[in-house]
Amino acid sequence: MAVLEKLGFVYFAGGKVRLGTDRPLPCGLEGYRHNDTPVRYVEVAPFYLARTKVTNIEYENVKNKHRRTLEGQGDNCPVSDVTYGEALNYCKRLSILHDLEFRLPTEPEWTYAASPRGQEFTFGDEPDITQTHVFNDGTDEWIVPVNDPRWAPTPEGLDQMGHNVSEMMQGMRHTITGEWESETDGLYYIVKGGNYGHCKNAPGIHRRSIADVVDRNPRIGFRLAHNA
């Protein structure tokens, strides 16, 4: 769809994608996540994914009531500290403005786009702290702007896939305490990718964590998807 490509979206033809990993996080701080397992394969239909995460200024141009975080003040920093419902509302308002149907990506879509060749990271199978903006990468920075030239996009052209800030996935699940490693009963959504506060292993494409739909987190943002 030409209009989506002009808006900075990348087309993916879809296909089989691996979810989960048999390589748990080795660091003791973040520990082993049962959410990362089991390994399974699913089919993904064609879709579009935004090249960059939604920024502060993009978010505010559609929904003005937003308080920028201390960690990411710049116009072109990824928006963060928003609830799941607020992200969905942004998708709805933007869809009306462009007469399109924007949404959050599903976990299989995000994973396919980040790792179409099945590798553990966007750049290969082994962690490399120089390839992602994570904790102790030598920058001493929190959230950095999108399109920062210090970190190359993926071969498919996706910016900061799996680092800088983590990303919300579409879909909610009601859990009881302990399920999905949740601390309380409630509605949770899947979070993909590492961020500026994580270790170099966290950007692994096949890892996942969860967040409560009503929580705000300065380390979690989002990017848009659209049906093909």
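## Exercises on a predicted model

D99 is exposed, with a relative accessible area of 71%. The exercises below start from this residue and then turn to the rest of the chain, and they all refer to a predicted model.

**Exercise 1. Determine where D99 and D140 are found, whether each is buried or exposed, and what sign phi has in each.**

Solution. Begin with position: D99 is found in the loop between α3 and α4, and D140 lies in the loop between α4 and β5. Next compare the accessibilities with the cut-off, which counts a residue as exposed when its relative accessible area is over 50%. The value of 71% therefore makes D99 exposed, and D140, at 80%, is exposed as well. Finally, turn to the backbone. Most residues other than glycine have a negative phi. D99, although not a glycine, has a positive phi of about 55°, and the phi of D140, also a residue other than glycine, is positive and near 55°.

**Exercise 2. Describe the secondary structure of the chain, and state what share of its residues is buried.**

Solution. The count comes to four helices and 10 strands. Read along the sequence, these elements follow the pattern α-β-β-β-β-α-α-α-β-β-β-β-β-β. As to burial, the chain has 228 residues, of which 53% are buried.

**Exercise 3. Work out how β7 is placed, and which strands it pairs with.**

Solution. First consider burial: six of the seven residues of β7 are buried, so this strand is largely enclosed by the rest of the structure. Then take its partners in turn. With strand β5 (residues 166-168), β7 pairs in the antiparallel sense over two bridges, and here E167 stands opposite K192 in β7. With strand β8 (residues 209-212), β7 is joined by four bridges, and the two again run antiparallel; in this pairing I190 stands opposite I210 in β8.

**Exercise 4. Carry out a similar analysis for β2, and then locate A45 relative to G15.**

Solution. Four of the five residues of strand β2 (residues 15-19) are buried, so β2 is largely enclosed by the rest of the structure. Its pairing with strand β3 (residues 40-44) is antiparallel and extends over five bridges, with L19 standing opposite R40 in β3. A45 has its place in the loop between β3 and β4, and with a relative accessibility of 52% A45 counts as exposed. Although A45 and G15 are 30 residues apart along the chain, their C-alpha atoms are separated by 6.6 Å.

**Exercise 5. Identify the largest nonpolar core, the elements that supply it, and the second core.**

Solution. The largest nonpolar core has 25 residues, and those with the most contacts inside it are Y90, M168, Y189, F222 and L224. At least two residues of this core come from each of β4 (47-50), α2 (56-62), α3 (84-98) and β7 (186-192), and the largest share, five residues, is that of α3. A second core, separate from this one, has 16 residues, among them V17, F47, A113 and M161.

**Exercise 6. Establish how many residues of α4 are buried, and which they are.**

Solution. Helix α4 covers residues 107-114, and seven of its eight residues are buried, so the helix is largely enclosed by the rest of the structure. The buried residues are E107, E109, W110, T111, Y112, A113 and A114. One of these, A113, is also included in the second core of 16 residues.

**Exercise 7. Decide whether R223 is buried or exposed, and find which backbone atoms its side chain reaches.**

Solution. R223 lies in the loop between β9 (220-221) and β10 (225-227). Its relative accessible area is 0%, so R223 is buried. The side chain of R223 reaches the backbone oxygen of R51 at 2.9 Å, and it reaches the backbone oxygen of Q160 at 3.5 Å.

**Exercise 8. Characterise the second largest pocket by volume, lining and residue class.**

Solution. The volume of the second largest pocket is about 300 Å³. Its lining consists of 16 residues, and the closest to the pocket centre are L7, F9, E58, L94 and L224. Among the elements, α2 and α3 each supply at least two residues of this lining. By class, the lining divides into nine nonpolar, four polar and three charged residues. L224 also belongs to the residues with the most contacts inside the largest nonpolar core.

How values were computed:
Residues are numbered from 1 along each chain as its sequence is written. This is a predicted model: local features need pLDDT of at least 70, side-chain atom pairs count only at pLDDT 80 or more; totals for chains, interfaces and linings use all residues. Side-chain values use heavy atoms; hydrogens and water are left out. A nonpolar core is a set of buried Ala, Val, Leu, Ile, Met, Phe, Trp, Tyr and Cys residues joined through side-chain atoms within 4.5 Å. Buried means under 20% relative accessible area, exposed over 50%, partly exposed in between (1.4 Å probe, protein chains only). A polar contact is a pair of N or O atoms within 3.5 Å; within protein, one must be able to donate a hydrogen and the other to accept it, and residues adjacent in sequence count only if both atoms are side-chain atoms. On a 1 Å grid over the protein atoms alone, a cavity is a set of points where a 1.4 Å probe fits but cannot get out, and a pocket is an open set with protein on both sides within 12 Å along at least five of seven lines; lining residues have an atom within 4 Å of a point. Grid points are joined across faces, edges and corners, and a volume is the space filled by probe spheres set on the points. Ala, Val, Leu, Ile, Met, Phe, Trp, Tyr, Cys and Pro count as nonpolar, Asp, Glu, Lys and Arg as charged, and the others, Gly among them, as polar. Two strands pair if DSSP finds at least two bridges between them.
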